[in-house]
Amino acid sequence: MTHTRSSGTNWSGNHRYRAAETLLPADLDGLAASIAGAESLRVQATRHTFNDVGDTDGALISLEDLPARIEVDGDRVRVEGLVTFAQLAPVLEGQGRALHNLGSLPHISVAGAAATGTHGSGIRNGNLSSAVTALEIMDADGRTHRVDRDHAWFPAAALGLGAFGVVTAVELHTVPTYTVTAEAYTGVAWDDIVADPRRLFAGAYSVSVFTTWGDPAHDLVWVKTTDADPEPGYVTALGGRPIGADLHLGRIRTVGNTTERGTPGPWHTRLPHFRAEALPSDGDEIQSEYFVPLDAATEALAAVRAVASTIDPVLLVTELRTVAADDLWLSPAFQRDVLAIHFTWRNDNAGVAAVLPTIEAALAPFEPRPHWGKAFTMPGGTIRATLPHAADFVAAAREADPRGVFWNAFLERTLGA
């Protein structure tokens, strides 16, 4: 049986889905029946994107009514249905396993995060898609394909933007469980942050810098160490002081929703910024993010700071993170270590749309790549010019979906026909 509901809006409410309804099949047979004969479909996951990557003029389909299964087998875990990282992590921990990294929000789905290249931080840590070892994808004819690392589609489908069909299961590589200690520091001068970004971000397993681009007193360095990492001596040598309990992320005043700092704990309780049982971040917001080569970080940050007065009226906070290079064709970190420059904006579509071209122009000399699930205005041709395998991705997606059932306006706009 398949139920339906109104498609509604995304998480923050800045995007209302064009699709009139969302289909909710109860099992794989129902999913296949829902797909059969459809002209246009997209998958609606946990709705944490901020643009129309997951939208369509046809119908949306959600796996939230399908059984959510998690199977741990050695160093692999297989998840079915709309499993979130918040659901997955404790199961892995119970088996003595872990993921190499987590995003800021554990509330997002495994399949959705992989499909859009979502990431955490860490100069040696790839994005969440880089842990994918196989996917099971139901195509527009109701057939299921297993796409593993030996499959020709894999470097496209592992970060596939929903273009290959409905991902019904994801297999991830896991590592032995580990302990993380997090601490946030203030007092590090902006000039010291940008003087040697690679050294700063290499100072711990995961490092994030929060800034509003103005007074350095508002800058905050959030450091997460493991037992195998050195203590963050570089941060303290630069004048960093633990902030204690009163945590501000720029103009976001967090009230009890951030993960614990100052004491060691399991990886999944420290790597995210926000607790699984709480509303993450501000909630009433829009997000954008651009990835530039880490080797160009100092120059790229100077370019953004030069336009800080233009973006300030709509900015809540910027977070700086690093992501290790990978070989997934549409990855923002494809074959280059990157600095991720993330903006959390006030929930003002017009205001954000007005400032994004200014940021994109400032970063243009560094060949930025946007986060696929966040707000940006970069032309498709500009994006494709930074991704050597963009045309190969389109060819693979067309082979998987010859009728273009899962192709949408977003993909047309960014990747072309």
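**Exercise 1. Work out how much space the largest pocket holds and what lines it.**

Start with the volume: the largest pocket contains about 270 Å³ of space. A pocket here is an open set of points on a 1 Å grid over the protein atoms alone, where a 1.4 Å probe fits, with protein on both sides within 12 Å along at least five of seven lines. Grid points are joined across faces, edges and corners, and the volume is the space filled by probe spheres set on them.

Next, the lining, meaning residues with an atom within 4 Å of a point. There are 18 such residues, and Phe50, Asn51, Ala375, Phe376 and Arg413 are the closest to the centre. Helices H10 (349-363) and H13 (409-415) each give at least two of the lining residues, and H10 has the largest share, with four. Helices are DSSP runs of H or I of at least four residues, strands are E runs of at least two, and both are numbered from the N terminus.

A quick word on the model: it is predicted, so local features need pLDDT of at least 70 and side-chain atom pairs pLDDT 80 or more, while totals for chains, interfaces and linings use all residues. Residues are numbered from 1 along each chain as its sequence is written, and side-chain values use heavy atoms, leaving out hydrogens and water.

**Exercise 2. Place strand S20 among its partners and say whether it is buried or exposed.**

First, burial: nine of the nine residues of S20 (residues 315-323) are buried (under 20% relative accessible area, 1.4 Å probe, protein chains only). The strand is therefore largely enclosed by the rest of the structure.

Now the pairing, which takes at least two DSSP bridges between strands. S13 (residues 206-211) runs antiparallel to S20, joined by three bridges, and threonine 211 sits opposite threonine 318 of S20. With S21 (residues 338-346), S20 makes eight bridges, again antiparallel. In that pair, leucine 320 faces isoleucine 341 of S21.

**Exercise 3. Find where leucine 330 sits and which residues it is in contact with.**

Begin with the position: leucine 330 belongs to the loop between S20 and S21. Then check its exposure: leucine 330 has a relative accessible area of 1%, so it is buried.

Finally, list the contacts (heavy atoms within 4.5 Å). Setting aside neighbours within four places in sequence, leucine 330 is in contact with Leu159, Leu161, Trp372, Leu387, Ala390, Phe393 and Leu415. Take leucine 161: it lies 169 residues from leucine 330 in sequence, yet their C-alpha atoms are 8.9 Å apart.

Note on methods
Buried < 20%, exposed > 50% of the residue type's maximum accessible area, 1.4 Å probe, protein only.
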